[in-house]
Protein chains: 2
Amino acid sequence: MGNYTGGLSERKKLILKAVVEAHIEGGEPVGSKYIVQSNLLSCSSATIRNEMAELEQLGYLEQPHTSAGRVPSELGYRFYVDSLVEQYANTTRDIVRINQLLKAKMSELDQILETASKLASSLTNYTGIAIKPKVSSVTMAKFELVSIDNRNFAMVMITSGGTVKTKKVKTPAAYSPDALARLSELINSQICGLGADMITLPIIMQLENDMAENAFLVNPAIKAVYEVMNELDGGELRYSGLNRLLDYPEYSDTQHLSNLLGTLENQDEILELVSDPQSDEINVLIGSESPVKVMNNSALVFKPIKKNGRTVGVIGVIGPRRMDYKKVLKTIVEIGVSISNMIDGERALKQGEDNGGDDNG
Amino acid sequence: MGNYTGGLSERKKLILKAVVEAHIEGGEPVGSKYIVQSNLLSCSSATIRNEMAELEQLGYLEQPHTSAGRVPSELGYRFYVDSLVEQYANTTRDIVRINQLLKAKMSELDQILETASKLASSLTNYTGIAIKPKVSSVTMAKFELVSIDNRNFAMVMITSGGTVKTKKVKTPAAYSPDALARLSELINSQICGLGADMITLPIIMQLENDMAENAFLVNPAIKAVYEVMNELDGGELRYSGLNRLLDYPEYSDTQHLSNLLGTLENQDEILELVSDPQSDEINVLIGSESPVKVMNNSALVFKPIKKNGRTVGVIGVIGPRRMDYKKVLKTIVEIGVSISNMIDGERALKQGEDNGGDDNG
DNA sequence: TTTAGCACTTGACCTCAAAGAGTGCTAAAA
DNA sequence: TTTTAGCACTCTTTGAGGTCAAGTGCTAAA
């Protein structure tokens, strides 16, 4: 990219940019006169009108009705955002402040992400999202079985990613402490390192065999392992600042807002959306670029959070299509870097092994 | 109560009930003519008008403006609800279906409550809430320390209530397996059974003393304990069906809706509200009966979930003041019973020490 | 290629009158 | 004493009509 002009004259670009920014700010169609007043250009409104008519024909602008000003089309936003992305791809300034805001009692990733989402929301005035996304190929690194009473024990699992999960297991019959210790031993030696799809029936039968008269403990335990793996696989999705949606007239249509809220709550669609990012850096989905229909009038900006090259979370914001992309991109990039610094200790940006080389624009 | 008439003639009660139900259904002021048409009463509209005028003077009805019909006042709803509460206080039927709906992959209380909230929302068409409420006097029953690597370990804590919580602990220096075992031993003997406010400095210093050269492990561990206790203390609050709020014109005022969403998201106020129920059975807060100002036009119906006499959660719904209390009360009671059955195994309804008796409706 | 000017279109907004719903009150009926 | 019919009154809702301002497209001149 870099010098790719997109087929637009320099003046058209300026006008397009002016229209987009004016519309983002005001929310209303932008007329030729307004552009002239902002004197970014030295020409008359008639000239602007001609240019705008062409921009409309090219698909960058739209006209709600004959005598209204112009509004950016999806393509218009896309053009605008692409130019911004170049600009912000490698921003790392101003992060000090965000670092400070995030630093409060943060130790677990979940908490970091949730706080980050709140932060993103309050800094941008849109709705923030935080996701612990679908992580395929989770394996277990370590098990510990903790007795609660002789019919219940807690299963503590540490995944390859370092996440700790616990699950209470209720056994069909009373067990002895020895049986539990033996089970722990076996699971640690047999199951560790396996993914969900590698724990097959033969392995389970072998376990039952090895447990002899305590075979009844195997099934509930394995079930717990499965459940945890699936839980991790599902991911968790949290929003903050949902009420900020209401600040924008775009969502004054009750039906539309209702649909959006419903979709957001359902989680599945959104999770799928962000679990499969196009870029490892910042992603921007404008309107119908998102496969979720109800988001046709909205935009979604998000950024995967990586640790040692693996995606461990996502942060972002959701808002109207006429989102203040400038502010949002900046904020999300900064928060992203800040989180990376936090969870990776010093070496925040390690050279990716297969992430396709360099990323300095 | 039972036969307490509330000072109203039987006819006034009938009229009040008719007005409330008509308004709940239609959302609009109810005129005298409408009441006549529903022929629950055999008298003319003029008579109804006289009665309604009196009901208004008594404070049970309100008139939005001179030539509109009547709308129930808060007092009117309260009267209506109180009569319903009598009716539903001991319902236990129809629970079979709810039982089935809840039975999917339910093992942990968190999951049960969240699913119950969704269920409540979809059955009533209002917004469902599920809460693991503020539980003061949490103590720890058991600790287990699981090594991750020589600078990190996971702390597994089982509370007096049987909840299992884990916390990752990062140590300021590398530690030996022996040190960890020793720490585990000490914590289990010293901290178990203590509440958050009983872990005092002398105790911590004693621990450090006992750990000798491994004293550096004590502080991070104790910090983790504190964090878990506070977490439990805070409770967790989940909503489902937020979009259903939009089905009601009461929330078409954007500003109002925004405030409500903000309050709901903030959690603190709502948690406090439901953590201190007036009744162990079903609670109904109508409009300004709730101390949360933004809920003046809303109603909150909730029911504590008890296990062995201790409150372990809350389920309920939030909706407009003109809520279909009949349906909601029935639904919440039924879901509540269903959950109780589930988490208590067989003896779902233990003879309350102070819950007062039988319940075969 | 740019600009000035003008006719035209369109949604936003205001006013006004009519319609409709529901009341309170009075006087007659039960 | 209670209920009912009838009527005048009040207030909101709705729609038509008219004005206004914004912004355009187009033409002709610079």
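This is a chat about how chains A and B touch each other and DNA strand C in a predicted model.

Visitor: How many residues of chain B are in contact with chain A?
Guide: 30 residues of chain B are in contact, and they meet 31 residues of chain A.

Visitor: What area is buried between them?
Guide: About 2,700 Å², with carbon and sulfur atoms giving 56% of it. On the chain B side, B:K168, B:L246 and B:E265 lose the most area to chain A, together 19% of what that side buries.

Visitor: OK, and how many salt bridges are there across that interface?
Guide: The rule finds zero salt bridges between chain B and chain A. It does find eight residue pairs in polar contact across the interface.

Visitor: Which element of chain B gives the most to that side?
Guide: That's α10(B), with six residues. Strands β4, β5, β6 and β7 of chain B each supply at least two residues as well. By class, the chain B side has 11 nonpolar, 10 polar and nine charged residues.

Visitor: Switching to the DNA, which residues come nearest to strand C?
Guide: Of the 20 residues around DNA strand C, the nearest are A:S44, A:T47, A:S67, B:S32 and B:R70.

Visitor: What does B:S32 sit beside?
Guide: A polar side-chain atom of B:S32 is 2.7 Å from a phosphate oxygen of strand C. B:R70 also has a polar side-chain atom by a phosphate oxygen of that strand, at 2.8 Å.

Visitor: And how much of the DNA by the protein is sugar or phosphate?
Guide: Of the strand C atoms within 4 Å of the protein, 76% belong to sugar or phosphate, and the rest to bases.

Technical notes:
Residues are numbered from 1 along each chain as its sequence is written. Chains are lettered from A and ligands numbered from 1 in the order in which they are written. This is a predicted model: local features need pLDDT of at least 70, side-chain atom pairs count only at pLDDT 80 or more; totals for chains, interfaces and linings use all residues. Side-chain values use heavy atoms; hydrogens and water are left out. Contact means heavy atoms within 4.5 Å. Buried area is the accessible area (1.4 Å probe) that two parts lose on being put together, summed over both. A salt bridge is a side-chain nitrogen of Lys or Arg within 4 Å of a carboxyl oxygen of Asp or Glu. A polar contact is a pair of N or O atoms within 3.5 Å; within protein, one must be able to donate a hydrogen and the other to accept it, and residues adjacent in sequence count only if both atoms are side-chain atoms. Helices (H or I, at least four residues) and strands (E, at least two) are DSSP runs, numbered from the N terminus. Ala, Val, Leu, Ile, Met, Phe, Trp, Tyr, Cys and Pro count as nonpolar, Asp, Glu, Lys and Arg as charged, and the others, Gly among them, as polar. A residue is near a molecule or strand if one of its heavy atoms lies within 4 Å of it.
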